[in-house]
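Colleague: I'd like a close look at one small part of a model, explained the way you'd explain it to a first-year student. Could you put the structure up and then take me through it?

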Amino acid sequence: MPLFLAEKSWIAEHLLDVEPIAGGLGHLGISKHVLGMFVAAIGLILLFAPFGRSLRQSPIVPRGRVTNLLEILLIFIRDDITRPFLGKAGDKFLPVIWTLFFFVLFCNLIGLLPLIPPFYVPVVGHDGATHWSFFGLVTPTGQIYVTATLSVIAGAWWHLLGIKEQGLVAYVKNIVPGGLPLWLIPMLFVIELVGHVIKIVALALRLWANMTGGHAVLFAALGMVIMFGHLLGGWMTIPMGAVSIISGTIVYFLEIFVAFLQAYVFTFLVTVFLGMALHPDH
Amino acid sequence: MDYMLLAEIGTGAGLAAVGAGLAAIGAGLGIGRIGGQACEGIARQPEAAGDIRGSMILTAALVEGAALFGIVIALLFWTKSGMGGA
């Protein structure tokens, strides 16, 4: 009985622990998650800067294989997400929406990189001692603070754009649907404001929960070997090893799909809310 | 070992697990219904299959988000019981 308590939830330790990198501005606390975000940002710049340069040389038809691949994704976002909700005039919001999509996508995908031996980073443990920790398997978007920051930035962005588009007074008046009896308006105003806040919170929470939950299932699948190997002597290790590796691989493929899907859903909802802020349909 | 403490820890973590299971039931019901209606729509109009499939995946992700809110609460209470957590 004390066996399971003594293992002290290594799943939660892998998922929810944040350890600062040694020497990384001391207690300013640059963790592996922040390092992952920097890697995602540098990857974005490295991937898209040549794209822009080659577009300048042949403006309508992009040349090269990577350029064409990126073009598929970019045009998919433009035609299926932005144009239906924002119209052709919404093309000026496309750089932000593209950046949001690819940043969330890269952050999600970094969490799926397996252990890569050259990329070790020195990490300060909880007891203050420095030890080497691997760089892979840390999802930046698996920290609620990262997704909350992304969501709050996007929320401030669409609210400010809505206020700039309609003017402050008209925006506040449009928070409540029109044509209501007078005694209903204060209550509905509060409810709509709470709705606005909840939309932002739900965006952050959905992305974080999908990433963290997926990794929790993956660790549980892989950890079946350890947990069941202790029982009944050690003979269950090999069969449980086969089961856990197969189920772990299947969950891995699902995780890749969920990474793409959650980036798409995040971008889609930001675009929908932006459309609602710019042109309230009530 | 203090058995009253073990009982309390076990109850807290166990109820969190029950909550997570209920959230999974909600997700299964919702997404199953979405899948079923999408298949009916494709059966009625096979040329709209691409559109229907895209809408189905998007709606499934949104419903799954709602179920994951329940999982998040369960995770919170599991870490707050004595059994695990960071």
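How many other C-beta atoms does Ile30(A) have within 10 Å?

Modeller: There are 17 other C-beta atoms within 10 Å of Ile30(A), so this residue counts as partly exposed. The rule puts C-beta atoms in place from the backbone and calls a residue buried if 20 or more others lie within 10 Å of its own, exposed if there are 12 or fewer, and partly exposed in between.

Before we go further, two quick notes. This is a predicted model, where local features need pLDDT of at least 70 and side-chain atom pairs count only at pLDDT 80 or more, while totals for chains, interfaces and linings use all residues. Residues are numbered from 1 along each chain as its sequence is written, while chains are lettered from A and ligands numbered from 1 in the order in which they are written.

Now, where does Ile30(A) sit? You'll find Ile30(A) in the loop between α2 (10–16) and α3 of chain A. Helices here are DSSP runs of H or I with at least four residues, strands are runs of E with at least two, and both are numbered from the N terminus. Counting from Ile30(A) to Asn210(A), you travel 180 residues in sequence, but from C-alpha to C-alpha they are 24 Å apart in space.

Let's zoom out for a second. Chain A has ten helices and two strands, and along the sequence they come as α-α-α-α-α-β-β-α-α-α-α-α. Of its 282 residues, 25% are buried. Take the contacts in chain A (pairs whose C-beta atoms, placed from the backbone, lie within 7 Å) between residues at least 6 apart in sequence: 67% of these join residues at least 24 apart.

Right after our loop comes α3(A), which covers residues 32–57. Its axis comes within 9 Å of the axis of α5(A) (residues 94–110), and the two cross at roughly 130 degrees. Axes are lines fitted to C-alpha atoms, for helices over the stretch in contact, and angles run from 0 to 180 degrees between N-to-C directions. That angle makes α3(A) oblique to α5(A); under 35 degrees counts as roughly parallel, over 145 as roughly antiparallel, 65 to 115 as roughly perpendicular, and the rest as oblique. The crossing is right-handed, meaning that the near helix is turned clockwise from the far one by less than a right angle, with anticlockwise being left-handed. On the α3(A) side the contact includes Gly36(A), Met37(A) and Val39(A), and on the α5(A) side Phe102(A), Phe103(A) and Phe106(A) are among the residues involved. Sorted by class, this contact has nine nonpolar, two polar and no charged residues. Ala, Val, Leu, Ile, Met, Phe, Trp, Tyr, Cys and Pro count as nonpolar, Asp, Glu, Lys and Arg as charged, and the others, Gly among them, as polar.

Remember Asn210(A)? It belongs to α8(A), and it is one of the residues through which α8(A) meets α2(B). Those two helices pack at an angle of about 75 degrees, with axes 9 Å apart, so they are roughly perpendicular. Ala202(A) and Leu205(A) of α8(A) also take part, and on the other side Leu68(B) and Ile71(B) are among the partners. This contact has seven nonpolar, three polar and one charged residues.

Among the buried residues of α2(B) are Gly65(B), Leu68(B) and Ile71(B). Their cover includes α8 (185–222) and α10 of chain A along with α1 (3–44) of chain B.

That brings us to α10(A), where Tyr264(A) makes a nice contrast with Ile30(A). Tyr264(A) sits in α10(A), residues 237–278, and it counts as buried because it has 22 C-beta neighbours inside 10 Å. At the other extreme, Trp235(A) lies in the loop between α9 (224–229) and α10 of chain A, and with 10 other C-beta atoms within 10 Å it is exposed. Finally, α10(A) also packs against α6(A) (residues 144–166), at about 25 degrees with axes 8 Å apart, so these two helices are roughly parallel. Residues that meet there include Trp158(A) of α6(A) and Phe273(A) of α10(A).

Key: Two residues are in contact if their C-beta atoms, placed from the backbone, lie within 7 Å.
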